[in-house]
Amino acid sequence: MTNLPIQAGVVPTSRPESPATAHALPHEASRAVRIATLVTIVLPVFGLIAGMALLWPLGFGWTSLGLLIGFYLITGLGITVGFHRYFTHKSFDTSRFMKWVLGISGSMACEGSILYWVATHRSHHQHSDSEDDPHSPHHHGEGVWAMIKGAFPAHVGWMLPGEHPNVHRYCPDLARDRDIVTMSRLFPLWVFLGLALPTVLGGVITMSWAGALLGFIWGGLVRVLMVHHITWSINSVCHIWGSRPFNSHDHSRNNVIFGILGFGEGWHNNHHAFPASARHGLRWWEVDTSYMLIKAMSWVGLVSNVKVPTKERIEAKKKAA
(Lines give C-alpha, C1' and ligand atoms only; values in the text may rest on other atoms or scores of the structure.)
Protein backbone atom coordinates (compact mmCIF):
# COMPACT_ATOMS: atom_id res chain seq x y z
CA MET A 1 0.00 0.00 0.00
CA THR A 2 1.32 3.43 -0.95
CA ASN A 3 1.03 6.44 1.32
CA LEU A 4 0.28 9.68 -0.48
CA PRO A 5 2.63 12.49 0.60
CA ILE A 6 0.82 15.11 -1.48
CA GLN A 7 -2.65 15.89 -2.71
CA ALA A 8 -2.77 14.30 -6.14
CA GLY A 9 -5.14 12.50 -8.39
CA VAL A 10 -6.19 14.79 -11.22
CA VAL A 11 -3.65 16.25 -13.61
CA PRO A 12 -5.59 17.31 -16.70
CA THR A 13 -3.42 18.63 -19.50
CA SER A 14 -4.05 20.01 -22.94
CA ARG A 15 -2.64 17.91 -25.75
CA PRO A 16 -3.23 17.96 -29.51
CA GLU A 17 -5.59 15.34 -30.84
CA SER A 18 -3.91 12.48 -32.67
CA PRO A 19 -5.53 10.48 -35.48
CA ALA A 20 -5.67 7.46 -33.14
CA THR A 21 -7.74 9.28 -30.53
CA ALA A 22 -9.58 12.05 -32.35
CA HIS A 23 -12.66 9.80 -32.62
CA ALA A 24 -12.76 9.06 -28.91
CA LEU A 25 -15.42 11.60 -28.01
CA PRO A 26 -16.85 14.51 -30.01
CA HIS A 27 -16.87 17.88 -28.29
CA GLU A 28 -20.39 18.65 -29.49
CA ALA A 29 -23.11 16.33 -28.26
CA SER A 30 -25.20 15.17 -31.22
CA ARG A 31 -28.99 15.14 -31.20
CA ALA A 32 -28.93 11.33 -31.11
CA VAL A 33 -26.69 11.38 -28.02
CA ARG A 34 -28.96 13.89 -26.28
CA ILE A 35 -32.06 11.82 -27.05
CA ALA A 36 -30.37 8.63 -25.87
CA THR A 37 -29.30 10.35 -22.65
CA LEU A 38 -32.82 11.64 -22.06
CA VAL A 39 -34.22 8.13 -22.56
CA THR A 40 -31.64 6.77 -20.12
CA ILE A 41 -32.79 9.27 -17.51
CA VAL A 42 -36.56 8.98 -18.05
CA LEU A 43 -37.07 5.28 -18.88
CA PRO A 44 -36.00 3.97 -15.44
CA VAL A 45 -38.69 6.17 -13.86
CA PHE A 46 -41.31 4.43 -15.97
CA GLY A 47 -39.72 1.15 -14.97
CA LEU A 48 -40.36 1.96 -11.30
CA ILE A 49 -43.96 2.88 -12.11
CA ALA A 50 -44.40 -0.38 -14.04
CA GLY A 51 -42.85 -2.36 -11.21
CA MET A 52 -45.24 -0.84 -8.70
CA ALA A 53 -48.21 -1.44 -11.00
CA LEU A 54 -47.23 -5.11 -11.36
CA LEU A 55 -46.86 -5.70 -7.62
CA TRP A 56 -50.49 -6.83 -7.33
CA PRO A 57 -50.72 -9.30 -10.26
CA LEU A 58 -47.10 -10.55 -10.34
CA GLY A 59 -45.71 -9.72 -6.91
CA PHE A 60 -42.14 -9.05 -5.83
CA GLY A 61 -40.24 -12.14 -4.76
CA TRP A 62 -36.77 -13.18 -3.72
CA THR A 63 -35.60 -13.44 -7.33
CA SER A 64 -36.54 -9.83 -8.07
CA LEU A 65 -34.92 -8.66 -4.84
CA GLY A 66 -31.76 -10.64 -5.52
CA LEU A 67 -31.43 -9.27 -9.04
CA LEU A 68 -32.05 -5.72 -7.83
CA ILE A 69 -29.42 -5.94 -5.08
CA GLY A 70 -26.97 -7.98 -7.14
CA PHE A 71 -26.89 -5.68 -10.14
CA TYR A 72 -26.96 -2.61 -7.89
CA LEU A 73 -23.76 -3.88 -6.28
CA ILE A 74 -22.10 -4.83 -9.58
CA THR A 75 -22.85 -1.59 -11.41
CA GLY A 76 -22.63 0.73 -8.39
CA LEU A 77 -19.21 -0.59 -7.43
CA GLY A 78 -18.29 -0.50 -11.12
CA ILE A 79 -18.80 3.27 -10.90
CA THR A 80 -17.19 3.88 -7.50
CA VAL A 81 -14.25 1.49 -7.71
CA GLY A 82 -13.87 1.41 -11.50
CA PHE A 83 -14.89 4.69 -13.11
CA HIS A 84 -14.08 6.88 -10.10
CA ARG A 85 -11.18 5.55 -8.07
CA TYR A 86 -9.39 3.61 -10.81
CA PHE A 87 -9.97 5.29 -14.18
CA THR A 88 -10.37 8.88 -12.94
CA HIS A 89 -7.97 9.11 -10.00
CA LYS A 90 -5.54 6.21 -10.53
CA SER A 91 -5.91 5.22 -6.88
CA PHE A 92 -4.52 1.75 -7.52
CA ASP A 93 -3.04 -0.40 -10.26
CA THR A 94 -4.58 -3.53 -11.72
CA SER A 95 -4.31 -6.00 -14.59
CA ARG A 96 -5.72 -5.65 -18.08
CA PHE A 97 -8.36 -8.28 -17.27
CA MET A 98 -9.58 -6.35 -14.20
CA LYS A 99 -9.50 -3.12 -16.21
CA TRP A 100 -12.07 -4.66 -18.54
CA VAL A 101 -14.14 -6.05 -15.65
CA LEU A 102 -14.28 -2.63 -13.97
CA GLY A 103 -14.92 -0.83 -17.25
CA ILE A 104 -17.81 -3.06 -18.30
CA SER A 105 -19.46 -3.17 -14.88
CA GLY A 106 -19.27 0.63 -14.58
CA SER A 107 -20.59 1.09 -18.12
CA MET A 108 -23.63 -1.06 -17.28
CA ALA A 109 -24.64 1.66 -14.81
CA CYS A 110 -25.75 3.75 -17.83
CA GLU A 111 -23.96 6.94 -16.77
CA GLY A 112 -21.99 7.40 -19.97
CA SER A 113 -18.85 5.91 -21.45
CA ILE A 114 -15.58 5.79 -19.53
CA LEU A 115 -14.10 8.69 -21.48
CA TYR A 116 -17.17 10.89 -21.02
CA TRP A 117 -17.50 10.08 -17.31
CA VAL A 118 -13.83 10.60 -16.49
CA ALA A 119 -13.55 13.84 -18.48
CA THR A 120 -16.61 15.22 -16.70
CA HIS A 121 -15.37 14.25 -13.27
CA ARG A 122 -11.85 15.54 -13.75
CA SER A 123 -13.35 18.80 -14.99
CA HIS A 124 -15.40 18.91 -11.79
CA HIS A 125 -12.27 18.56 -9.66
CA GLN A 126 -10.32 21.17 -11.56
CA HIS A 127 -13.16 23.72 -11.38
CA SER A 128 -14.98 22.54 -8.26
CA ASP A 129 -17.87 24.91 -7.41
CA SER A 130 -16.63 27.55 -9.83
CA GLU A 131 -18.54 28.71 -12.92
CA ASP A 132 -16.79 26.04 -15.03
CA ASP A 133 -17.80 23.15 -12.77
CA PRO A 134 -20.11 20.91 -14.88
CA HIS A 135 -22.25 19.99 -11.87
CA SER A 136 -22.13 22.46 -8.99
CA PRO A 137 -25.26 23.61 -7.10
CA HIS A 138 -23.57 26.94 -6.32
CA HIS A 139 -24.01 28.74 -9.65
CA HIS A 140 -27.18 30.66 -8.80
CA GLY A 141 -26.13 33.05 -6.07
CA GLU A 142 -26.68 32.90 -2.31
CA GLY A 143 -29.68 31.90 -0.23
CA VAL A 144 -32.09 29.00 -0.01
CA TRP A 145 -33.92 29.65 -3.29
CA ALA A 146 -30.63 29.96 -5.18
CA MET A 147 -29.56 26.63 -3.70
CA ILE A 148 -32.81 24.98 -4.78
CA LYS A 149 -32.38 26.34 -8.31
CA GLY A 150 -28.83 25.03 -8.39
CA ALA A 151 -29.68 21.57 -7.05
CA PHE A 152 -31.45 20.33 -10.20
CA PRO A 153 -28.69 21.05 -12.74
CA ALA A 154 -26.12 19.70 -10.27
CA HIS A 155 -28.15 16.53 -9.74
CA VAL A 156 -29.29 15.63 -13.25
CA GLY A 157 -29.19 18.67 -15.57
CA TRP A 158 -25.47 18.22 -16.26
CA MET A 159 -26.31 14.97 -18.07
CA LEU A 160 -27.84 16.96 -20.96
CA PRO A 161 -25.11 19.43 -21.95
CA GLY A 162 -24.70 21.08 -25.31
CA GLU A 163 -21.05 20.05 -25.34
CA HIS A 164 -19.05 17.22 -23.88
CA PRO A 165 -15.96 17.91 -21.77
CA ASN A 166 -12.79 17.90 -23.84
CA VAL A 167 -11.38 14.38 -23.51
CA HIS A 168 -7.96 15.38 -24.83
CA ARG A 169 -7.67 18.08 -22.19
CA TYR A 170 -8.97 16.17 -19.17
CA CYS A 171 -7.99 12.56 -19.86
CA PRO A 172 -5.37 12.30 -22.61
CA ASP A 173 -3.92 9.32 -20.72
CA LEU A 174 -7.14 7.33 -21.20
CA ALA A 175 -7.68 8.50 -24.78
CA ARG A 176 -4.36 6.88 -25.66
CA ASP A 177 -5.38 3.55 -24.11
CA ARG A 178 -6.80 1.29 -26.86
CA ASP A 179 -8.71 -0.85 -24.35
CA ILE A 180 -10.47 2.16 -22.85
CA VAL A 181 -11.23 3.68 -26.26
CA THR A 182 -12.72 0.33 -27.35
CA MET A 183 -14.80 0.01 -24.17
CA SER A 184 -16.08 3.56 -24.66
CA ARG A 185 -17.01 2.86 -28.29
CA LEU A 186 -18.95 -0.22 -27.15
CA PHE A 187 -20.85 1.65 -24.43
CA PRO A 188 -24.31 0.89 -25.98
CA LEU A 189 -23.44 -2.82 -25.90
CA TRP A 190 -22.64 -2.69 -22.17
CA VAL A 191 -25.91 -0.83 -21.48
CA PHE A 192 -27.80 -3.56 -23.37
CA LEU A 193 -25.90 -6.23 -21.45
CA GLY A 194 -26.77 -4.59 -18.13
CA LEU A 195 -30.47 -4.82 -18.99
CA ALA A 196 -30.38 -8.20 -20.75
CA LEU A 197 -28.57 -10.14 -18.02
CA PRO A 198 -31.16 -9.61 -15.24
CA THR A 199 -33.92 -10.25 -17.78
CA VAL A 200 -32.45 -13.60 -18.82
CA LEU A 201 -31.59 -14.58 -15.25
CA GLY A 202 -35.10 -13.70 -14.06
CA GLY A 203 -36.61 -15.88 -16.76
CA VAL A 204 -34.22 -18.80 -16.23
CA ILE A 205 -34.48 -18.81 -12.43
CA THR A 206 -38.29 -18.70 -12.42
CA MET A 207 -38.73 -20.53 -15.73
CA SER A 208 -41.35 -17.97 -16.75
CA TRP A 209 -41.85 -14.93 -18.97
CA ALA A 210 -43.20 -13.07 -15.94
CA GLY A 211 -39.89 -13.68 -14.18
CA ALA A 212 -38.02 -12.30 -17.20
CA LEU A 213 -40.21 -9.19 -17.18
CA LEU A 214 -39.67 -8.65 -13.45
CA GLY A 215 -35.94 -9.21 -13.90
CA PHE A 216 -35.87 -6.52 -16.59
CA ILE A 217 -37.85 -4.10 -14.44
CA TRP A 218 -36.23 -4.61 -11.03
CA GLY A 219 -32.73 -5.80 -11.90
CA GLY A 220 -32.59 -3.52 -14.94
CA LEU A 221 -34.62 -0.32 -14.95
CA VAL A 222 -35.21 0.21 -11.22
CA ARG A 223 -31.61 -0.68 -10.47
CA VAL A 224 -30.44 1.95 -13.00
CA LEU A 225 -32.72 4.50 -11.32
CA MET A 226 -31.24 3.77 -7.90
CA VAL A 227 -27.62 3.89 -9.06
CA HIS A 228 -28.25 7.10 -10.99
CA HIS A 229 -29.84 9.08 -8.18
CA ILE A 230 -27.44 7.94 -5.49
CA THR A 231 -24.46 8.76 -7.72
CA TRP A 232 -25.94 12.11 -8.74
CA SER A 233 -26.60 12.95 -5.10
CA ILE A 234 -22.85 13.02 -4.54
CA ASN A 235 -22.75 15.95 -7.00
CA SER A 236 -25.71 17.79 -5.52
CA VAL A 237 -26.43 16.79 -1.90
CA CYS A 238 -22.76 16.37 -0.95
CA HIS A 239 -22.03 19.94 -2.02
CA ILE A 240 -24.89 21.31 0.10
CA TRP A 241 -25.40 19.30 3.31
CA GLY A 242 -22.85 17.70 5.59
CA SER A 243 -19.63 18.32 7.49
CA ARG A 244 -16.34 19.78 6.27
CA PRO A 245 -13.47 18.39 8.38
CA PHE A 246 -10.87 19.31 5.75
CA ASN A 247 -9.98 22.44 3.82
CA SER A 248 -10.76 21.52 0.22
CA HIS A 249 -11.28 25.05 -1.18
CA ASP A 250 -14.82 24.25 -2.31
CA HIS A 251 -18.21 23.28 -0.83
CA SER A 252 -17.69 19.50 -0.78
CA ARG A 253 -19.14 17.86 2.33
CA ASN A 254 -19.26 14.53 4.10
CA ASN A 255 -22.80 13.13 4.16
CA VAL A 256 -23.34 9.99 6.22
CA ILE A 257 -26.44 8.84 4.29
CA PHE A 258 -24.66 8.82 0.95
CA GLY A 259 -21.47 7.63 2.56
CA ILE A 260 -23.33 4.39 3.20
CA LEU A 261 -25.67 4.21 0.19
CA GLY A 262 -22.95 5.38 -2.20
CA PHE A 263 -20.37 2.76 -1.15
CA GLY A 264 -18.18 5.39 0.55
CA GLU A 265 -18.53 8.13 -2.08
CA GLY A 266 -20.53 10.32 0.31
CA TRP A 267 -17.40 11.12 2.33
CA HIS A 268 -17.00 13.75 -0.32
CA ASN A 269 -15.04 16.37 1.59
CA ASN A 270 -12.48 13.72 2.46
CA HIS A 271 -12.24 12.85 -1.23
CA HIS A 272 -11.78 16.44 -2.39
CA ALA A 273 -9.06 16.90 0.22
CA PHE A 274 -7.26 13.75 -1.00
CA PRO A 275 -8.43 13.04 -4.57
CA ALA A 276 -5.97 10.23 -5.31
CA SER A 277 -6.78 8.29 -2.17
CA ALA A 278 -8.40 4.89 -2.70
CA ARG A 279 -9.90 5.32 0.77
CA HIS A 280 -12.61 7.98 1.24
CA GLY A 281 -13.80 6.98 4.70
CA LEU A 282 -10.74 8.15 6.64
CA ARG A 283 -12.13 7.62 10.16
CA TRP A 284 -13.03 4.20 11.59
CA TRP A 285 -16.76 4.92 11.61
CA GLU A 286 -16.88 6.26 8.04
CA VAL A 287 -18.06 3.13 6.23
CA ASP A 288 -16.37 2.85 2.83
CA THR A 289 -17.53 -0.29 1.04
CA SER A 290 -15.56 0.58 -2.09
CA TYR A 291 -12.31 0.72 -0.16
CA MET A 292 -13.15 -2.55 1.58
CA LEU A 293 -13.46 -4.16 -1.84
CA ILE A 294 -10.20 -2.60 -3.07
CA LYS A 295 -8.45 -3.78 0.10
CA ALA A 296 -9.82 -7.29 -0.33
CA MET A 297 -8.72 -7.35 -3.97
CA SER A 298 -5.22 -6.29 -2.92
CA TRP A 299 -5.04 -9.25 -0.52
CA VAL A 300 -5.62 -11.71 -3.36
CA GLY A 301 -3.38 -9.91 -5.82
CA LEU A 302 -6.05 -8.41 -8.10
CA VAL A 303 -4.89 -4.84 -7.44
CA SER A 304 -1.66 -3.26 -6.23
CA ASN A 305 -0.11 0.11 -5.32
CA VAL A 306 -3.22 1.15 -3.38
CA LYS A 307 -2.82 4.83 -2.50
CA VAL A 308 -3.89 6.34 0.84
CA PRO A 309 -2.82 9.60 2.51
CA THR A 310 -0.28 9.51 5.33
CA LYS A 311 -1.43 10.24 8.88
CA GLU A 312 0.77 13.32 8.82
CA ARG A 313 -0.92 14.60 5.67
CA ILE A 314 -4.38 14.00 7.15
CA GLU A 315 -3.48 15.89 10.32
CA ALA A 316 -1.98 18.75 8.32
CA LYS A 317 -5.18 19.10 6.33
CA LYS A 318 -7.26 19.10 9.51
CA LYS A 319 -5.18 21.91 10.99
CA ALA A 320 -5.56 23.93 7.80
CA ALA A 321 -9.37 23.60 7.88
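Me: With which residue's side chain does the side chain of R122 meet in a salt bridge?

Reply: This is a predicted model, where local features need pLDDT of at least 70, side-chain atom pairs count only at pLDDT 80 or more, and totals for chains, interfaces and linings use all residues. Residues are numbered from 1 along each chain as its sequence is written, and side-chain values use heavy atoms, leaving out hydrogens and water. A salt bridge is a side-chain nitrogen of Lys or Arg within 4 Å of a carboxyl oxygen of Asp or Glu. At 2.9 Å, N to O, the partner of R122 is D173.

Me: Nice start! How many residues apart in sequence are the parts that R122 and D173 tie together?

Reply: Helices are DSSP runs of H or I with at least four residues, and strands are runs of E with at least two, numbered from the N terminus. R122 lies in helix α5 and D173 in helix α8, so their bridge ties together parts whose separation in residues is 51.

Me: And is R122 buried or exposed?

Reply: Buried means under 20% relative accessible area, exposed over 50%, and partly exposed in between (1.4 Å probe, protein chains only). D173 is partly exposed, with 27%. R122 has a relative accessible area of 4%, so R122 is buried.

Me: Which residue forms a salt bridge with E265?

Reply: E265 sits in the loop between α12 and α13, and its partner is in helix α3, so the pair ties together parts 180 residues apart in sequence. E265 is buried, at 8% relative accessible area, and its partner is buried too, at 0%. The two side chains meet at 2.7 Å, N to O, and the partner is R85.

Me: Which residues does the salt-bridge network join?

Reply: One bridge to look at is K99 with D179, at 3.1 Å, N to O. That pair links helix α4 to helix α9, 80 residues apart. Through shared partners, salt bridges join into one network R96, K99, D177 and D179.

Me: Which helix supplies the largest share of the largest nonpolar core?

Reply: A nonpolar core is a set of buried Ala, Val, Leu, Ile, Met, Phe, Trp, Tyr and Cys residues joined through side-chain atoms within 4.5 Å. The largest one has 40 residues, and F87, F92, I114, L174 and I294 have the most contacts inside it. Among the helices that each supply at least two residues are α4, α5 and α14. The largest share, seven residues, comes from α3.

Me: How many disulfides does the structure hold?

Reply: A disulfide is a pair of cysteine sulfur atoms within 2.5 Å. C110 is buried at 6% relative accessible area, and C238 is buried at 0%. The number of disulfides in the structure is zero.

Me: What is the phi of F263, roughly?

Reply: Most residues other than glycine have a negative phi. F263, in the loop between α12 and α13, is buried at 8% relative accessible area. Although F263 is not a glycine, its phi is positive, at about 55°.

Me: Last one: which helix gives the most to the nonpolar surface patch?

Reply: Such patches are made of residues with over 30% relative accessible area and no salt bridge, nonpolar side chains (Val, Leu, Ile, Met, Phe, Trp, Tyr) being joined within 5 Å and like charges within 9 Å. Accessible areas come from the Shrake-Rupley method with a 1.4 Å probe, and for residues only the protein chains shown count as cover. V256, I257, I260, L261, V287 and M292 make the patch, of about 530 Å². Four of its residues come from the helix that gives the most, α12.
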